[in-house]
Amino acid sequence: MTVPTRSAAALLAPLLLAAGPSLSQAAEVVNVYTYRQPELIQPLLDAFTKETGIATRVIFADRGLEERIRAEGANSPADVLLTVDINRLAAAKEAGITAPLANAAIEANVPAEYRDPEGEWFGLTMRGRVVYASKDRVPEEAITYEELADPKWKGRICTRSGQHVYNIGLFSAMVAHLGAEGAEKWLTGLKNNLAVKPAGGDRDQAKAIFAGQCDIALGNTYYVALMMTNEKEPEQKEWASAIKVLMPNAGDRGTHVNISGMALAKNAPNRDNAVKLMEFLSGDEAQRIYAETNHEYPVEKGIAVSDIVASFGDLKPDTLPLAEIAKHRQEASELVDKVGYDDGPSS
Ligand SMILES: [Fe+2]
């Protein structure tokens with residue numbers, strides 16, 4: 001999809017007016033740049049438009065949005081950036097494409113550990129990076145990340161690439177908790193326990209457990225729910241039924257969580273509407289939609305999770321601030337290369 005320039009957007013405006021609920025309402029717009037899958041956020045944006053009359057224009061991409069916003073510079077139509085992963089949010093801030101926002105409503109909804117201390121990004125939902133364990137071959141009902149390096153798991157673990165943002169988030173947290181040396185030792189142990197070379201996505205690891213290729217894997221919580229309810233590819237239900245979810249470190253510091261989040265674009269042309277959208281996304285209605293349709297954990301306290309997510313047991317999130325975790329992302333990425341994680345098991 002191409003990004004409309006300001007003038008192109010102006011040319012499109014009459015069409016949007018014609019399609020909108022009324023002239024005065026449809027003239028209000030907010031431009032959203034997002035990495036999130038269209039079907040995941042459309043229900044939220046529709047609810048926002050229904051409540052406020054502000055239309056949303058969405059630019060979806062699977063990569064390069066930050067570069068695009070930077071290249072567009074002062075003329076960027078971007079108002080709000082919606083993305084997943086703490087490291088991407090931190091990188092957007094460092095790239096200078098976000099603006100600080102002090103907003104009492106959003107700050108009341110989003111706990112401090114899930115937002116930037118300077119207000120340049122805010123978490124909207126959490127996802128646990130948990131252990132998928134074979135129901136048949138893993139009797140354990142509790143586990144820690146540290147234990148994944150124990151030789152008792154040799155040849156039994158599978159994960160996606162160590163360089164994927166989800167793993168970099170977890171490995172960054174391990175650097176924060178164990179220190180550089182401790183984390184290197186741990187990651188070397190984990191690599192030595194791999195059954196196969198890291199490949200695929202989180203769901204592929206559940207599939208590998210189903211197929212008997214490994215016994216435990218790392219994966220995000222919502223994928224389990226998405227597999228369990230997958231009518232398009234019903235075989236995914238079988239993968240999900242082969243695994244159980246173990247919440248690592250539930251007995252001590254808690255499970256590593258990552259976030260999906262939002263940032264106000266530095267040169268937002270529709271700043272007021274952007275702030276309204278951000279307030280909406282952090283509020284009760286949007287948080288409920290996230291929980292029900294996306295099977296994520298709302299960041300706002302007191303909003304219930306979906307029944308499937310509730311069936312995983314309680315999530316006790318590690319409270320290490322995400323901004324602290326993000327500081328170690330470069331180190332974590334270098335560590336993955338250093339131990340040759342993506343080469344897979346050495347023997
Ligand atoms: Fe994902």
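Let's start with the iron ion. Its protein donors are Y166, Y222 and Y223, each through OH. They sit 2.0 to 2.1 Å from the iron ion. In sequence, the donor residues are spaced Y-x55-Y-Y. Y166 and Y223 link distant parts of the chain. Y166 is in helix α7, residues 165–192. Y223 is in helix α9, residues 221–228. The two are 57 residues apart. Buried or exposed, Y166 and Y223? Both are buried.

This is a predicted model, so let me turn to confidence. The mean pLDDT of the protein is 91. Of its residues, 92% reach 70 or more. The exception I want to flag is residues 1–25, where the pLDDT is below 50. That stretch still has 28 contacts in the model beyond near neighbours in sequence. Where pLDDT is low, the predicted coordinates should not be read in detail.

Now the pockets. The largest pocket has a volume of about 1,100 Å³. It is lined by 39 residues. Which of them are closest to its centre? Y35, Q37, L40, Y166 and Y223. Two of those names you have heard already: Y166 and Y223 are donors of the iron ion.

Which elements build that lining? Those giving two or more residues are α3 (38–52), α4 (65–72), α5 (86–94), α7, α8 (202–210), α9 and α12 (284–294). The largest share comes from α5, with four residues. By class, the lining of the largest pocket divides into 13 nonpolar, eleven polar and 15 charged residues.

Next, the second largest pocket. About 310 Å³ of space lies in it. Its lining has 17 residues. Nearest its centre lie M126, Y297, P298, L315 and P317. Two elements, β10 (297–298) and α13 (307–311), each supply at least two lining residues. The classes here are eleven nonpolar, two polar and four charged.

What about closed space? Rolling a probe the size of a water molecule over the atoms shows where empty space is left. How many cavities of 30 Å³ or more are there? The count is one. The largest cavity holds about 30 Å³ of space. Its lining is Y114, H256, V257, D318, L320, L322 and I325. That makes five nonpolar, one polar and one charged residues.

On to some single residues. First, the backbone. Most residues other than glycine have a negative phi. D85 has a positive phi, near 95°. Where is D85? In the loop between β3 (80–84) and α5. D85 has a relative accessible area of 1%, so it counts as buried.

N249 has a positive phi too, near 60°. N249 sits in the loop between β8 (243–246) and β9 (257–265). Why does N249 count as buried? Because its relative accessible area is 1%, and the cut-off for buried is under 20%.

Next, P198. P198 is found in the loop between α7 and α8. Its relative accessible area is 10%, so P198 is buried. What does P198 touch, leaving aside neighbours within four places in sequence? T159, R160, S161, Y341, D342 and G344. For a sense of distance, take P198 and G251. They are 53 residues apart in sequence and 28 Å apart in space, C-alpha to C-alpha.

Last residue: V175. V175 lies in helix α7, the helix that holds Y166. At 4% relative accessibility, V175 counts as buried. What does V175 touch, not counting residues up to four places away in sequence? A180, A183, H328, E331 and L335. And one more pair: V175 and M228 are 53 residues apart in sequence. In space, V175 and M228 are 33 Å apart, C-alpha to C-alpha.

To recap. Three tyrosine OH groups, from Y166, Y222 and Y223, are the protein donors of the iron ion. Y166 and Y223 are also among the residues closest to the centre of the largest pocket. And keep residues 1–25 apart in your reading, with pLDDT below 50 there.

Definitions and conventions. Residues numbered from 1 in each chain as written. Predicted model: local features only at pLDDT ≥ 70, side-chain atom pairs only at ≥ 80, totals over all residues. Heavy atoms only, no water. 1 Å grid on protein atoms, 1.4 Å probe; cavity = no way out; pocket = protein on both sides within 12 Å on 5 of 7 lines; lining within 4 Å. Points joined across faces, edges and corners; volume = space filled by probe spheres on them. Nonpolar A, V, L, I, M, F, W, Y, C, P; charged D, E, K, R; others polar. Donors = N, O, S within 2.8 Å, 3.2 Å for Na, K, Ca; no water. Buried < 20%, exposed > 50% of the residue type's maximum accessible area, 1.4 Å probe, protein only. pLDDT = per-residue confidence, 0-100. Contact = heavy atoms within 4.5 Å.
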